[in-house]
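Here is a walk through one chain, strand by strand and then pocket by pocket. Keep the viewer open and follow along.

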Amino acid sequence: QVQLVESGGGLVQAGGSLRLSCAASGSIFSIKFMGWYRQAPGKQREFVAAIANGGSTNYADSVRDRFTISRDNAKNTVYLQMNSLKPEDTAVYYCNARHISNMDYWGQGTQVTVSS
């Protein structure tokens, strides 16, 4: 089992920055990917960024040049540094962990609101 706790959401003006954190506990060595998804009201949850156990990363085209996913292995924590935020980035952001069994675990979500 994997437990995920997110933090770092909040209010920011367009062009500003936020850093989201996701602390993982439990069977952390059974995780092969961790990442971030987001969901705006009335829309489907969409992929944002992911990082593999070996450190390779992947980004949605909409955030590729602005967001950076990273991890701190000592703290069992994954981060999403979000720069140059736009109003369309407003959403609930969810941390995701994919188990080696391909089962997905999710955090509780953290609200990011970007004002214009």
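Start with the open sheet: 4 strands in the order β1-β3-β8-β7, with antiparallel pairing. This is a predicted model, so everything below is computed from predicted coordinates. At the edges of the sheet sit β1 (2–7) and β7 (67–72), each of which pairs on one side only. On average, neighbouring strands here are turned by 20° against each other, direction ignored.

Zoom in on the β1 edge. Strand β1 runs antiparallel to β3 (residues 18–26), and 6 bridges join the two. One spot to click on is Val-2, which stands opposite Gly-26 in β3.

While you're on β3, have a look at Ser-21, which lies in that strand. Is Ser-21 buried or exposed? Its relative accessible area is 14%, and because the cut-off for buried is under 20%, Ser-21 counts as buried. Leaving aside its neighbours within four places in sequence, Ser-21 is in contact with Val-5, Glu-6, Ser-7, Trp-36, Thr-77, Val-78 and Tyr-79.

**The other pairings**

Now for the strands around β4, β9 and β11. β4 (31–39) runs antiparallel to β9 (91–99), and 8 bridges join them. In that pairing, Met-34 stands opposite Ala-97 in β9. On to β5 (46–52): 6 bridges tie β4 to β5, again antiparallel. Tyr-37 has Phe-47 of β5 as its bridge partner. β4 and β5 make a hairpin with 6 residues between them, and Gly-42 in the turn has a positive phi of about 75°.

From β9 you can step across to β11 (residues 110–115). β9 and β11 pair in the antiparallel sense over 3 bridges, and Val-92 stands opposite Gln-111 in β11. How does strand β2 (residues 10–13) pair with β11? That pairing is parallel, over 4 bridges. Gln-13 has Ser-115 in β11 as its bridge partner.

β11 is a nice one to view from the side, since its side chains alternate. Thr-110, Val-112 and Val-114 point to one face and are buried. Gln-111, Thr-113 and Ser-115 point to the other face and are not buried.

**Two asparagines with positive phi**

Most residues other than glycine have a negative phi. That makes a couple of loop residues worth a click. Asn-76 has a phi near 50°, a positive value in a residue other than glycine. You'll find Asn-76 in the loop between β7 and β8 (77–82). With 32% relative accessibility, Asn-76 counts as partly exposed.

Asn-102 has a positive phi as well, near 75°. This residue sits in the loop between β9 (91–99) and β10 (104–106). Asn-102 is partly exposed too, with a relative accessible area of 48%.

**The pockets**

Rolling a probe the size of a water molecule over the atoms shows where empty space is left. Here are the two pockets in brief.

| Pocket | Volume | Lining by class |
|---|---|---|
| Largest pocket | about 260 Å³ | 9 nonpolar, 4 polar and 3 charged residues |
| Second largest pocket | about 180 Å³ | 7 nonpolar, 5 polar and 1 charged residues |

Which residues lie nearest the centre of the largest pocket? They are Ile-28, Met-34, Asn-53, Arg-71 and Asn-73, out of 16 lining residues. β4, β5, β7 and β8 each supply at least two residues of that lining. β4 gives the most, with 4 residues.

The second largest pocket is lined by 13 residues, and those nearest its centre are Phe-33, Met-34, Tyr-37, Phe-47 and Ala-50. At least two residues of this lining come from each of β4, β5, β6 (57–59) and β9.

Some names from the pairings come back here. Met-34, which stands opposite Ala-97, is among the residues nearest the centre of the largest pocket and also among those nearest the centre of the second largest pocket. Tyr-37 and Phe-47, the bridge partners from the β4 and β5 pairing, are likewise among the residues nearest the centre of the second largest pocket.

How values were computed:
Residues numbered from 1 in each chain as written. Predicted model: local features only at pLDDT ≥ 70, side-chain atom pairs only at ≥ 80, totals over all residues. Heavy atoms only, no water. Pairing = 2+ DSSP bridges. Axes fitted to C-alpha atoms, helices over the stretch in contact; angles between N-to-C directions. Buried < 20%, exposed > 50% of the residue type's maximum accessible area, 1.4 Å probe, protein only. 1 Å grid on protein atoms, 1.4 Å probe; cavity = no way out; pocket = protein on both sides within 12 Å on 5 of 7 lines; lining within 4 Å. Points joined across faces, edges and corners; volume = space filled by probe spheres on them. Nonpolar A, V, L, I, M, F, W, Y, C, P; charged D, E, K, R; others polar. Contact = heavy atoms within 4.5 Å.
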